[in-house]
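Here is a quick walk through one model, from the overall fold down to a few side chains. Have the viewer open and follow along.

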Amino acid sequence: TDLGVDETQAEYYAEAVRRGAALVTVRADESRVEEVERILSDHGAFDIEDRVVEWKSEGWTRYNPDAEPYSIDDIERNRTQHRETPPPLGR
């Protein structure tokens with residue numbers, strides 16, 4: 001939130017990292033947005049909003065900093081599941 005991200009979005013990002021994702025930010029000129037999205041997508045990036053919909057369908061309600069960490073097996077299973085069907089970036 002110190003970087004200007006609202007609290008809800010920050011919770012989404014924190015939950016993604018807790019589940020084994022990496023958070024990458026990019027500062028780019030507006031004219032390069034499509035190029036940046038393509039590059040990130042080519043390397044496994046996902047749209048956080050799509051992932052949140054999935055988590056909520058599984059019962060997730062919000063980030064809990066006291067939640068048990070995911071095991072290495074859970075993280076790898078999650079990564080494998082999402083590698084097979086990557087959602088598109090951008091809306």
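## Ground rules

A residue counts as buried when its relative accessible area is under 20%, as exposed when that value is over 50%, and as partly exposed in between. Trp60 has 11% relative accessibility, so it goes in the buried group. One thing to keep in mind throughout: this is a predicted model.

## The big picture

Going from the N terminus, the elements of the protein chain read α-α-α-α. That makes four helices and zero strands. Along the principal axes, the C-alpha atoms of the protein chain fit a box of roughly 40 × 35 × 20 Å.

The chain has 91 residues, and 19% of them count as buried. Its accessible surface is about 7100 Å², with 50% of that belonging to carbon and sulfur atoms. As for how the chain meets itself, take the contacts between residues at least 6 apart in sequence: 82% of these join residues at least 24 apart.

## Helix 3, two sides

Helix 3 covers residues 48-57, and its buried residues are Ile48, Arg51, Val52 and Trp55. Why do they share a side of the helix? They span an arc of only 105° around the axis, and that places them on the same side of helix 3. Val53 and Ser57 sit on the other side of helix 3 and are exposed.

The ends deserve a look too. At the N-terminal end, Asp47 acts as a cap on helix 3, with a side-chain oxygen 2.9 Å from the backbone nitrogen of Glu49. Just after helix 3 comes Gly59, which has a positive phi of about 105°.

Glu54 is also part of helix 3. Its relative accessibility is 21%, so Glu54 counts as partly exposed, given that buried means under 20%. Setting aside residues up to four places away in sequence, Glu54 touches Gln81 and His82. Glu54 and Glu76 are 22 residues apart in sequence, and their C-alpha atoms are 17 Å apart in space.

## The core

Which residues make up the largest nonpolar core? There are six of them: Tyr12, Ala16, Ile48, Val52, Trp55 and Trp60. Two elements, helix 1 (7-18) and helix 3, each give two or more residues to this core. Helix 3 gives the most, with three residues. As a rule, nonpolar side chains in soluble globular proteins tend to be buried together.

## The aromatic corner

Searching the whole structure turns up two aromatic pairs. Trp55 and Trp60 form an edge-to-face pair, at 5.4 Å centre to centre with 65° between the planes. Both Trp55 and Trp60 are buried. Ring pairs tie Tyr12, Trp55 and Trp60 into a cluster.

Trp60 itself is in the loop between helix 3 and helix 4 (72-84). Beyond the residues up to four places away in sequence, Trp60 touches Tyr12, Glu15, Arg19, Val52 and Trp55. Trp60 and Glu15 are 45 residues apart along the sequence, with 9.9 Å between their C-alpha atoms. A polar atom of the Trp60 side chain also lies 3.3 Å from the backbone oxygen of Arg62.

Trp55 has its own set of partners: leaving out neighbours within four places in sequence, it contacts Tyr12, Glu15, Ala16, Arg19, Ile48 and Trp60.

## A buried arginine

Is Arg19 buried or exposed? Its relative accessible area is 8%, so Arg19 counts as buried. You'll find Arg19 in the loop between helix 1 and helix 2 (33-42).

What does Arg19 touch, once residues up to four places away in sequence are left out? The list is Trp55, Glu58, Trp60, Tyr70, Ile75 and Asn78. Closer in sequence, the side chains of Arg19 and Glu15 are joined by a polar contact of 2.7 Å. Glu15 is worth tracing in the viewer as well, since Trp55 and Trp60 are both in contact with it.

Technical notes: Residues are numbered from 1 along each chain as its sequence is written. This is a predicted model: local features need pLDDT of at least 70, side-chain atom pairs count only at pLDDT 80 or more; totals for chains, interfaces and linings use all residues. Side-chain values use heavy atoms; hydrogens and water are left out. Buried means under 20% relative accessible area, exposed over 50%, partly exposed in between (1.4 Å probe, protein chains only). The arc is that of the directions from the helix axis to the C-beta atoms. A polar contact is a pair of N or O atoms within 3.5 Å; within protein, one must be able to donate a hydrogen and the other to accept it, and residues adjacent in sequence count only if both atoms are side-chain atoms. A nonpolar core is a set of buried Ala, Val, Leu, Ile, Met, Phe, Trp, Tyr and Cys residues joined through side-chain atoms within 4.5 Å. Contact means heavy atoms within 4.5 Å. Accessible areas come from the Shrake-Rupley method with a 1.4 Å probe; for residues, only the protein chains shown count as cover. Rings of Phe, Tyr and Trp (its six-membered ring) pair if their centres lie within 6.5 Å; planes under 30 degrees apart count as stacked, over 60 as edge-to-face and the rest as tilted.
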